[in-house]
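Please work through the exercises below with the sequence and the structure in view, and try each task before reading its solution.

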Amino acid sequence: MEIDAYLNAILFGVVTGTVARLLTLRSDYRQYPTYLHGRIIHLSLGFIAASLGALAIPALLEMQFTAVTFLTVAATQFRDVRNMERTTLTELDGFELVSRGNTYIEGIAISFESRNYLVMFTAFFTTLAFIAWGWFPASVVAVLSFIVGLSLMSGSTLKDIVDIEQSEITFDGAGLYVDNIYIMNIGLPERQEEILQHGMGFILKPKNINIITTIANLGQRQAILHDVSVSLGVFRDSGTPALTPLIKRDLDDGRLGVFILPLVKDAEKAKKVIGAVPVLESAVRMPSESKAIRRNKS
């Protein structure tokens with residue numbers, strides 16, 4: 001095959017791969033990655049991943065099998081992307097009024113690494129389709145790759161696994177409660193007044209036994225508090241431990257009592273924000289699938 005044909009195929013693969021990374025790169029309410037410098041870093045890494053994926057096909061067709069070993073270098077580089085994101089977010093987390101938590105940070109870091117692999121596969125398959133069938137079938141493959149990449153970005157959210165209800169916050173002596181779930185002790189009357197004025201309570205009811213274990217995860221709980229605090233603000237400052245949003249669990253039925261102190265005290269918005277919190281992959285548990293439990297049922 002002529003070099004010009006390879007060149008066109010490689011350029012097509014690089015462009016589609018880079019576009020795929022652009023489509024999956026979003027600065028949302030969490031403001032990460034930041035605009036503009038964070039995006040430049042990730043788009044540059046996406047361009048490199050697309051180049052590696054596009055170059056692999058001509059190397060294989062020309063029987064240059066040793067050239068394909070650079071894909072192992074790519075795997076190492078993308079693993080470093082995860083480490084970079086983890087380190088950056090961990091450093092930033094120490095300055096948040098309500099932290100993300102290590103579980104949330106690890107999930108974000110893994111997603112950034114995996115999206116580079118999606119870019120590489122997009123470039124790989126579109127370049128292959130261009131060489132085998134031409135630009136139009138390659139364009140179809142590119143669109144399908146974009147759809148797959150975007151669909152993989154949309155995982156489960158809390159509204160899919162729990163029922164969210166607003167609940168009154170009350171004090172029994174110094175004890176703060178959301179419904180009948182104990183949250184913490186607040187001894188100062190001034191703090192109690194602030195909490196009653198600015199605080200809100202919600203109950204999360206799991207839909208099945210697997211969800212009870214998932215939402216009990218401390219990292220998942222911290223992700224809820226962080227997202228609500230980022231979206232609605234938080235009525236607190238450093239050095240005010242009594243004004244700390246918390247989530248506690250009802251040990252009898254697995255419900256969660258969510259206590260927040262939003263600056264925007266809007267129950268419907270708070271429900272939507274809580275419902276939109278992603279279900280962290282590392283928090284998911286499936287006790288009903290345990291062989292021991294299934295054996296006992298049978």
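The exercises that follow concern a predicted model, and each solution goes step by step.

**Exercise 1. Salt bridges between parts of the chain**

Task: Find the partner of Glu-113 in a salt bridge, and state where the two residues lie.

Solution: The structure holds 9 salt bridges, and in one of them Glu-113 is paired with Arg-82, with 2.5 Å between the closest N and O atoms. The next step is to place the two residues: Glu-113 lies in helix α4 and Arg-82 in helix α3 (residues 70-93), so that the pair, 31 residues apart, links distant parts of the chain. As to accessibility, Glu-113 is buried, with a relative accessible area of 6%, whereas Arg-82 counts as partly exposed at 24%.

Task: Do the same for Lys-205, and say what its pairing ties together.

Solution: Lys-205 forms a salt bridge with Glu-165, and the closest N and O atoms of this pair are 3.3 Å apart. Because Lys-205 lies in strand β5 (residues 200-206) and Glu-165 in strand β1 (residues 162-167), the pair ties together parts that are 40 residues apart in sequence. Both ends are partly exposed, Lys-205 with a relative accessible area of 31% and Glu-165 with 36%.

**Exercise 2. A salt bridge within one helix, and a network**

Task: Describe the salt bridge between Glu-194 and Arg-191, and then name the residues that shared partners join into one network.

Solution: The closest N and O atoms of Glu-194 and Arg-191 are 2.7 Å apart, and both residues lie in helix α6 (residues 189-198), where a spacing of 3 residues is about one turn of the helix. Glu-194 is partly exposed at 23% relative accessible area, and Arg-191 is partly exposed at 24%. Turning to the network, salt bridges that share partners join Arg-82, Arg-86, Glu-106 and Glu-113.

**Exercise 3. A buried charge**

Task: Decide whether Arg-221 is paired or unpaired in terms of salt bridges, and list its contacts.

Solution: Arg-221 belongs to helix α8 (residues 218-232). Although Arg-221 is buried, it has no salt bridge, and the nearest side chain of opposite charge, that of Asp-250, is 11 Å away. When neighbours within four places in sequence are left aside, the residues in contact with Arg-221 are Ile-215, Ala-216, Ile-247, Lys-248, Arg-249 and Leu-256.

**Exercise 4. A buried residue in a strand**

Task: Explain why Phe-259 counts as buried, and find residues that touch it.

Solution: Phe-259 is placed in strand β7 (residues 256-260). Buried means under 20% relative accessible area, and Phe-259 counts as buried because its relative accessibility is 0%. Beyond four places in sequence, the residues touched by Phe-259 include Ile-169, Leu-176, Val-178, Met-200, Leu-225 and Pro-245. For Leu-176, the separation from Phe-259 is 83 residues in sequence, yet 9.3 Å in space from C-alpha to C-alpha.

**Exercise 5. The second largest pocket**

Task: Describe the second largest pocket by its space, its lining and the elements that supply the lining.

Solution: The second largest pocket holds about 160 Å³ of space. Its lining has 14 residues, and those nearest the centre are Leu-118, Thr-122, Ser-145, Val-148 and Gly-149. Two or more lining residues come from each of α1 (3-23), α4 (102-133) and α5 (135-153), with α4 giving the largest share, 6 residues. Sorted by class, the lining has 9 nonpolar, 4 polar and 1 charged residues.

Technical notes
Residues numbered from 1 in each chain as written. Predicted model: local features only at pLDDT ≥ 70, side-chain atom pairs only at ≥ 80, totals over all residues. Heavy atoms only, no water. Helix = DSSP H or I, 4+ residues; strand = E, 2+ residues; numbered from the N terminus. Buried < 20%, exposed > 50% of the residue type's maximum accessible area, 1.4 Å probe, protein only. Lys, Arg positive; Asp, Glu negative; His and termini not counted. Salt bridge = Lys/Arg side-chain N within 4 Å of Asp/Glu carboxyl O. Contact = heavy atoms within 4.5 Å. 1 Å grid on protein atoms, 1.4 Å probe; cavity = no way out; pocket = protein on both sides within 12 Å on 5 of 7 lines; lining within 4 Å. Points joined across faces, edges and corners; volume = space filled by probe spheres on them. Nonpolar A, V, L, I, M, F, W, Y, C, P; charged D, E, K, R; others polar.
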